[in-house]
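Reader: I'm new to this one and would like to zoom in on a single part of it. Could you take me through it slowly and show me how it fits with the rest?

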Amino acid sequence: MASTVCSVLQCRFRNRFSRTSENGPNMEDSTPAESSAEPLTLSSLQKMIAEMFGHKDAKRGVEGTFMWFMEEVGELAGALRAESQAELEGEFADVLAWLVTLANLRQVDLAAAIERKYCRGCPRCRQDVCQCHLSAKP
Ligand SMILES: [Zn+2]
């Protein structure tokens with residue numbers, strides 16, 4: 001199961017923020033091969049980002065943070081045109097991290113928001129497999 005998500009899960013914050021981890025907090029010496037922590041969730045990602053950057057995010061505020069988010073979206077646009085998969089993955093991670101930061105600043109529970117909006121099918125047509133016309137924004 002060697003995916004991009006799994007490589008994110010190996011970070012040292014993984015066990016600290018995984019609600020269902022049985023390994024206890026912050027196993028500094030655990031290697032990816034030894035680790036058995038639960039998969040990263042949106043909730044644990046929000047907690048990790050809050051702990052890592054929350055003190056700076058609060059000072060910067062929503063407006064300043066949004067500017068960084070948009071800059072990262074621009075960098076993602078460039079990476080989508082480029083050949084480097086590593087660069088592309090990094091830019092996806094950056095965009096998601098800044099999006100999570102904005103959610104933290106506005107006290108948005110992303111998992112709950114996604115569940116409310118998308119876990120009952122397409123928000124527009126309500127089908128599990130969207131039947132909306134290609135030109136329609138779901
Ligand atoms: Zn639809």
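Reader: Let's look closely at Gln107: where in the chain is Gln107 found?

Author: Gln107 is in the loop between H4 and H5. Before going further, keep in mind that what you have in front of you is a predicted model.

Let's start with the residue itself. Gln107 has a phi near 50°, which is a positive value, and it isn't a glycine. That's worth a pause, because most residues other than glycine have a negative phi. Gln107 counts as exposed because it has 6 C-beta neighbours inside 10 Å, and the cut-off for exposed is 12 or fewer.

Now look at what comes before the loop. Gln107, with its positive phi, follows H4. Helix H4 covers residues 85-105 and has the highest mean pLDDT among the elements of the chain, at 98. H4 has 21 residues and spans 30 Å from its first C-alpha to its last, close to the 30 Å expected at 1.5 Å a residue. While Gln107 is exposed, H4 has buried residues: Glu91, Trp98, Val100, Thr101 and Asn104. What do they sit against? The buried residues of H4 pack against H3 and H5.

So to speak, H3 is the next stop. Helix H3 runs over residues 42-81, and you can compare its length with its reach. H3 has 40 residues, yet its end C-alpha atoms are only 27 Å apart, short of the 58 Å a straight helix would reach at 1.5 Å a residue. Look along H3 and you'll find a bend of about 105° at Gly61. H3 has buried residues as well, namely Ser44, Met48, Ile49, Asp57, Thr65 and Ala79.

Glu63 also lies in helix H3. Glu63 counts as exposed because it has 8 C-beta neighbours inside 10 Å. Try finding Glu63 and Leu102 together on the screen: they are 39 residues apart in sequence and 9.3 Å apart in space, C-alpha to C-alpha.

On the other side of the loop comes H5, which covers residues 110-118. H5 packs with H3 at an angle of about 150°, and their axes are 8 Å apart. To pick out the contact, look for Leu42, Ser43 and Gln46 on H3, and Leu110, Ala111 and Ile114 on H5. The residues of this contact divide into four nonpolar, two polar and no charged.

Keep going past H5 and you meet another positive phi. Arg126 lies in the segment after H5, and its phi is about 65° although Arg126 is not a glycine. Like Gln107, Arg126 is classed as exposed, and that's because it has 10 C-beta neighbours inside 10 Å.

Right beside it in the numbering is Gln127, also found in the segment after H5. Gln127 is exposed because it has 10 other C-beta atoms within 10 Å. Leaving out residues up to four places away in sequence, Gln127 touches Gly121 and Cys122. Gly121 lies in the segment after H5 too. Gly121 is partly exposed because it has 14 other C-beta atoms within 10 Å, which is above the 12 that would still count as exposed and below the 20 needed for buried. With the sequence neighbours up to four places away set aside, Gly121 touches Arg126, Gln127 and Asp128.

Now step back to the whole chain. Its secondary structure comes to five helices and zero strands, so to read the elements from the N terminus on, you get α-α-α-α-α. Buried residues make up 12% of the 138 residues. Among contacts between residues at least 6 apart in sequence, 47% join residues at least 24 apart.

Last, a word on how far to trust the picture. The chain has a mean pLDDT of 82, and 74% of its residues reach 70 or more. Helix H1, residues 4-9, has the lowest mean pLDDT among the elements, at 40. The pLDDT is below 50 over residues 1-10, a stretch with ten contacts in the model beyond near neighbours in sequence. Residues 19-34 are also below 50, and that stretch has 18 contacts beyond near neighbours in sequence. Where pLDDT is low, the predicted coordinates should not be read in detail.

Note on methods
Residues numbered from 1 in each chain as written. Predicted model: local features only at pLDDT ≥ 70, side-chain atom pairs only at ≥ 80, totals over all residues. Helix = DSSP H or I, 4+ residues; strand = E, 2+ residues; numbered from the N terminus. Contact = placed C-beta atoms within 7 Å. pLDDT = per-residue confidence, 0-100. Axes fitted to C-alpha atoms, helices over the stretch in contact; angles between N-to-C directions. Nonpolar A, V, L, I, M, F, W, Y, C, P; charged D, E, K, R; others polar. Expected span 1.5 Å × (residues − 1). Bend = angle between axes of the 7 residues up to and from the residue.
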